[in-house]
Amino acid sequence: MASFKCSINLSKAAYLSFDTLRGPYGPLYTMRITDLEGEKITTILLNYDIDGNGGKPGKYPDGAVEHWEEMLRKWGDRYGAVSLLE
């Protein structure tokens, strides 16, 4: 298993948006951090459960999608973007 570290400068972060995209194996659950102009700083994807699905994508760990939906209900708004400036 590989391990990675990622550092992101969030000084220009303005919004967090939740989005569900259509992927080749079903829905992709994302969170995007953007600046004031809407330019992406980073996109965070909910990972598939490759190991628990016979080495294949398309299935999420039990409860992962429900947790993402819970965060959307708590932090999202009807437009899908949350201001990080307030």
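**Notebook: P27, the core and the rings**

**Entry 1: P27**

I began with P27, which is partly exposed at a relative accessible area of 38%. The model is predicted. I located P27 in strand β2. I then listed its contacts, leaving aside neighbours within four places in sequence: T20, L21, Y48 and Y60. I also took one C-alpha separation. P27 and D62 are 35 residues apart along the chain, and their C-alpha atoms are separated by 15 Å.

**Entry 2: the whole chain**

I stepped back to the fold. I found 1 helix and 4 strands in the protein chain. Along the sequence they run β-β-β-α-β. Along the principal axes, the C-alpha atoms fill a box of roughly 45 × 30 × 20 Å.

I looked up burial next. The chain has 86 residues, and 21% of them count as buried. The exposed area is about 6,800 Å², with 53% of it supplied by carbon and sulfur atoms.

I also checked the contacts with a separation of 6 or more. Residues 24 or more positions apart make up 35% of these.

For charge, I noted 10 positive and 12 negative side chains. The centres of the two sets lie 3 Å apart.

**Entry 3: the nonpolar core**

Which residues make up the largest nonpolar core? I read off 11: A13, L16, F18, Y29, M31, I33, Y60, A64, V65, W68 and V82. Strands β1 (15-23) and β2 (26-34) and helix α1 (64-75) are the elements that give two or more residues to this core. As background, nonpolar side chains tend to be buried together in soluble globular proteins.

I picked V65 from the core list. Leaving aside neighbours within four places in sequence, V65 is in contact with Y29, L46 and Y60.

**Entry 4: aromatic pairs**

I turned to the rings. The count comes to 5 aromatic pairs. I looked at Y29 and Y60, which form an edge-to-face pair. Their ring centres are 5.3 Å apart, with 70° between the planes. Y29 sits in strand β2 and Y60 in the loop between β3 (40-45) and α1, so the pair ties together parts that are 31 residues apart in sequence.

Are these two rings' residues buried or exposed? The cut-off for buried is under 20% relative accessible area. Y29 has 12%, so Y29 is buried. Y60 has 11%, so Y60 counts as buried too.

I then followed the ring pairs outward. They link F18, Y25, Y29, Y48, Y60 and W68 into a cluster. Of these, Y48 and Y60 were already on my contact list for P27.

**Entry 5: the loop between β3 and α1**

I looked up two more residues in the loop that holds Y60. N47 is placed in the loop between β3 and α1. N47 counts as exposed, at 60% relative accessibility. Not counting residues up to four places away in sequence, N47 touches Y60 and P61. I also paired N47 with S17: they are 30 residues apart in sequence and 17 Å apart in space, C-alpha to C-alpha.

G58 is found in the loop between β3 and α1 as well. G58 is partly exposed, with a relative accessible area of 33%. Leaving aside neighbours within four places in sequence, I have G58 in contact with Y25, Y48 and N53. Y25 and Y48 are also members of the ring cluster. The C-alpha atoms of G58 and P24 are separated by 8.4 Å, and the two residues are 34 apart along the chain.

**Entry 6: T34 and S83**

Back to strand β2, where T34 lies. T34 counts as buried, at 11% relative accessibility. I listed what T34 touches, not counting residues up to four places away in sequence: K12, A13, A14, Y15, E39, K40 and I41. One of these, A13, is in the nonpolar core.

I closed with S83, in strand β4 (residues 81-83). S83 is partly exposed, with a relative accessible area of 27%. What does S83 touch, not counting residues up to four places away in sequence? I found A14 and Y15. Both are on the T34 list too. I took one separation here as well: S83 and G38 are 45 residues apart in sequence and 12 Å apart in space, C-alpha to C-alpha.

Methods. Residues are numbered from 1 along each chain as its sequence is written. This is a predicted model: local features need pLDDT of at least 70, side-chain atom pairs count only at pLDDT 80 or more; totals for chains, interfaces and linings use all residues. Side-chain values use heavy atoms; hydrogens and water are left out. Buried means under 20% relative accessible area, exposed over 50%, partly exposed in between (1.4 Å probe, protein chains only). Contact means heavy atoms within 4.5 Å. Accessible areas come from the Shrake-Rupley method with a 1.4 Å probe; for residues, only the protein chains shown count as cover. Lys and Arg count as positive and Asp and Glu as negative; His and the chain ends are not counted. The place of a charge is taken as NZ of Lys, CZ of Arg, CG of Asp or CD of Glu. A nonpolar core is a set of buried Ala, Val, Leu, Ile, Met, Phe, Trp, Tyr and Cys residues joined through side-chain atoms within 4.5 Å. Rings of Phe, Tyr and Trp (its six-membered ring) pair if their centres lie within 6.5 Å; planes under 30 degrees apart count as stacked, over 60 as edge-to-face and the rest as tilted.
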